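Here are my notes for you to read alongside the structure. Keep the 3D view open and find each spot as we get to it.

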Amino acid sequence: MELVTEPVAARREEARHCAWCGRRLPDSGRIGRPRRYCAQPCRQRAYERRAAVQRGGLPEDAVVLSAAELADLQDRLFQLRCAAEDIATAAGDGADKGELRRLAGELVDTARGLERLR
């Protein structure tokens, strides 16, 4: 008889994220269906989005953003581009490894902030 606990253990080690806001979900280790949302407000926003999509006749995978959310996304994309341009400029000017490492760290931080799209 073969024991097949490795795939289950591997799945539990994966970091799970809220389906709405993207925050990391705690590893509850409980039996049953895994959580999809970090809190009730995220569950409610997801429900409202699904209902709006159904009413509006939009495709299921449509992304709907408010004007404020779109402006925020555009600002964060601009910050990401500026951080990348800073690295390119510094490399072209012959910056030392420490400076390039610092700029690359800022680029990574900016990209992480952009991942919080949900």
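**Notes on the fold**

1. Start with the overall layout. The protein chain has 4 helices and 0 strands, so from the N terminus on you will meet α-α-α-α. Bear in mind that this is a predicted model.

2. Next, how far can you trust what you see? The mean pLDDT of the protein chain is 82, with 85% of the residues reaching 70 or more. Among the elements, helix 3 (residues 67–92) has the highest mean pLDDT, 91, while helix 1 (residues 6–13) has the lowest, at 50. Where pLDDT is low, the predicted coordinates should not be read in detail.

3. Now for inside and outside. Of the 118 residues in the protein chain, 14% count as buried. The chain exposes about 9,700 Å², and carbon and sulfur atoms supply 53% of that area. As for contacts between residues at least 6 apart in sequence, 34% of them join residues at least 24 apart.

4. Which residues make up the largest nonpolar core? There are 7 of them: Cys-18, Cys-21, Leu-25, Tyr-37, Cys-38, Cys-42 and Ala-46. In soluble globular proteins, nonpolar side chains tend to be buried together.

5. Take a look at helix 2, which covers residues 40–56. Its 17 residues reach 24 Å from the first C-alpha to the last, close to the 24 Å expected at 1.5 Å a residue. The buried residues here are Cys-42, Ala-46, Ala-51 and Val-53. Just after helix 2 comes Gly-57, with a positive phi near 70 degrees.

6. Stay with Ala-46 for a moment, since you have now met Ala-46 both in helix 2 and in the largest nonpolar core. Leaving aside neighbours within four places in sequence, Ala-46 is in contact with Trp-20 and Tyr-37. Tyr-37 is a member of that core too.

7. Finally, go to Leu-114 in helix 4 (residues 97–115). Is Leu-114 buried or exposed? Leu-114 has a relative accessible area of 16%, and the cut-off for buried is under 20%, so Leu-114 counts as buried. Setting aside neighbours within four places in sequence, Leu-114 is in contact with Leu-73, Arg-76, Leu-77 and Leu-80. An α-helix has 3.6 residues a turn, so residues three or four places apart point the same way. You can also check Gln-79: Leu-114 and Gln-79 are 35 residues apart in sequence, and their C-alpha atoms are 9.3 Å apart in space.

Note on methods:
Residues numbered from 1 in each chain as written. Predicted model: local features only at pLDDT ≥ 70, side-chain atom pairs only at ≥ 80, totals over all residues. Heavy atoms only, no water. Core = buried A, V, L, I, M, F, W, Y, C linked by side-chain atoms within 4.5 Å. Buried < 20%, exposed > 50% of the residue type's maximum accessible area, 1.4 Å probe, protein only. Contact = heavy atoms within 4.5 Å. Helix = DSSP H or I, 4+ residues; strand = E, 2+ residues; numbered from the N terminus. Areas by Shrake-Rupley, 256 points an atom, 1.4 Å probe, with all protein chains shown as cover. Expected span 1.5 Å × (residues − 1). pLDDT = per-residue confidence, 0-100.
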